[in-house]
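Here are my notes on how the two parts of this chain meet. I hope they are handy while you have the model open.

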Amino acid sequence: MRHIAIIGSGPAGYYSAEAAQKKFGEEVAVDIIDRLPVPFGLIRTGVAPDHQSIKAVSRRYEKTNLGDNVRFVGNVTVGEDVSIAELQDLYDAVVLATGAPNDRALDIPGSDLKGVIGSAAFVGWYNGHPDFKDLDPPLDAKSVAIIGNGNVALDVARILAKTEDEFAGSDIVGHALDGLKQSKVEKITFLGRRGPHQIAMTPKELGELGQLERARPVVDGEDFPDPGDDAMLEPGMRKSVTHLRNFQSEAADAQHKPIEIVFDFFAMPVEIRGDDTVEKLIVERTELDKDLRSTGTGERYELECQMVISCIGYRTPPIEGVPYEHGRGRFANTDGRILPGLYCVGWARRGPSGTIGTNKPDGFAIVDAIAEDIGAGGRKAGRAALDRLFAERGVETVTFRDWKKIEEAEIARAREGSPREKFTDIADMIAARD
Ligand code: NAP
C-alpha cells in the first residue's frame, strides 16, 4: 500500500488524488488535508460566484472522494496541528497543493491606506472565505481603481458593476450582496501597465463585460496598434483584442448605461495618496521597450478614487523548512519534486497561471513522479498513524461525510434562486455537521 498526503483540497489537490486512484487502484490510500472544514479551495472561494458552470467541476472532485481510498481530512492546519516533517514520517509522499492565496505586494507608497485592498481579500470577501468575511470594503466609493489587466481584475470589476438581478443563480454570499446593493460606484478604471496587445484577460470572460445591464466598457482607440497587427497575435489574444475593439465601436449604443468601466492602458500607478483613506492615485504613463516590458515616460497624472483593488497576481505562502523560490513566490522544485518524499503541484508548483483544467495534467504528472520515486511504496504507517496522532493531540477533524452535512445545511439556507448560502464562520461550519 502506498500512503499519500495531499495538503490542500483545491483543484490541484483533487486532480492529484484522482490521478493516484487511477494509477494505483486499490494499492493507495490518499488523505487530502485542508485548513478549512470545507473542501474545494479555489473552486469555492476563488472562482467568481456568478460563474457557476466553472464551479460545477467540484462534482468531479466529489466523485474522487467517494472512492474508499481517498479521504478528506478538514479543519487541520499543517504547521500547527501537524508538521510537514511529521507528515513525511507517516506518508510515502507528501504533496503540497496549497495554491497561491496571498496577494503579490503592491509595492508603492500609500498602499497601506484604508481602502486599498488586495484581490485575495476582495474575492475572498464576496465568496465567503472565513478569513475575509469582515473586510468591509468602502462600497460608497464612486470611483474605483483596479490595478492589473488579468481575469481576476475582470471578475472584480464585473462583481462591482452587476445589479442585484444579475446575481440571480449565483452563490454570492449574503453580506456581499447586501453591501453591493448599496454601492455608489459610477466609474471603475482598469490600470494596465502595458497595452491592449498584452492583456491577460481571456476572450470569454472579457466578452461578458459588454453584456452588463448597467455598465459599459470604455476604451480609447488611440491606445491600439494598427488593426493589421492583430493578425500576429495568437488566436485567444486576438479574440480578446477584437472584444476591446468592439467595445469602442459599440460605445454609442451603450451610452445609457450609467457605470463606466474604463480601460486605461500604458498606465502604471506609482503612489496612492489620501489622508488616512485613499483619495487619489498618481499614475505614470508608460511605453513598451523592445522586449515589450513597460517603462515610465515621466508623464504623470492623477486619478481620483476612493477604493483601489490590486489584482496583480498571487504568491504561495512559504512553509518553514520547505525550499522556496522568493522571486516567483512558489516552492523551489524540479517538475514538482522539492525534496525526497516532498512534492508540489498546481499553483504551488508553477505559480498562479492557467485555468482550473491546467491543474489536471499537473496532478497526473506529479503522480507519475511519485510512482517512479516510491515504486511499490508501503514503508510508511499512513492514515492510521495520523489518526492516532490527532487523537493524542485532540485535533478535531472534519470528514467528507461531515462536509456533505455542511453542504446540505448551506443549500437549505440559500436565498431563493441561489444554490447555497455559504457559512462564513468556521464554528458555524462545524456546528452544521453535528
Ligand atoms: P494574471 O493573469 O497574471 O494578471 C496579472 C495582471 O497584473 C497582469 O495584467 C500584469 O501585467 C499585472 N501586474 C503584475 N504586476 C503588476 C504591477 N506591479 N503593477 C501593475 N500591474 C501589474 O493574474 P490574475 O488575474 O491574478 O489571474 C491568475 C490566474 O487565474 C490566471 O491564469 C487567470 O487566467 C486565472 N483566472 C481565470 C479566471 C476565469 O474566469 N477564467 C478568473 C480568474 C482568474 P503584466 O502583464 O504587465 O505583468
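**Notes on the domain interface**

1. Let me start with the polar side of things: between domain 1 and domain 2, 17 residue pairs are in polar contact, both residues having pLDDT 80 or more. Please keep in mind that this is a predicted model.

2. Three helices deserve a look on the domain 1 side that touches domain 2: helix 2 (41-45), helix 3 (52-55) and helix 15 (426-433) each contribute at least two residues to it. By residue class, that side of domain 1 holds 11 nonpolar, seven polar and nine charged residues.

3. Charged pairs also cross the boundary, with six salt bridges found across the interface of domain 1 and domain 2. If you would like one to inspect, Asp50 forms a salt bridge with Arg158, and their closest N and O atoms lie 2.8 Å apart.

4. For the overall layout, the domain assignment places 2-101 and 316-432 in domain 1, and 102-310 in domain 2. Domain 1 is thus written as two segments, 2-101 + 316-432. Taken over C-alpha atoms, the centres of domain 1 and domain 2 are 31 Å apart. The contact involves 27 residues from domain 1 and 27 residues from domain 2.

5. How much area is buried between domain 1 and domain 2? The value is about 2100 Å², with carbon and sulfur atoms giving 47% of it. Within domain 1, the residues that lose the most area to domain 2 are Pro49, Asp50 and Thr424, which together make up 27% of what that side buries. Asp50 will be familiar from point 3, as the salt-bridge partner of Arg158.

Key:
Residues numbered from 1 in each chain as written. Predicted model: local features only at pLDDT ≥ 70, side-chain atom pairs only at ≥ 80, totals over all residues. Heavy atoms only, no water. Domains from an automatic or database assignment. Contact = heavy atoms within 4.5 Å. Buried area = accessible area lost by both parts, 1.4 Å probe. Salt bridge = Lys/Arg side-chain N within 4 Å of Asp/Glu carboxyl O. Polar contact = N/O pair within 3.5 Å; in protein donor to acceptor, adjacent residues only side chain to side chain. Helix = DSSP H or I, 4+ residues; strand = E, 2+ residues; numbered from the N terminus. Nonpolar A, V, L, I, M, F, W, Y, C, P; charged D, E, K, R; others polar.
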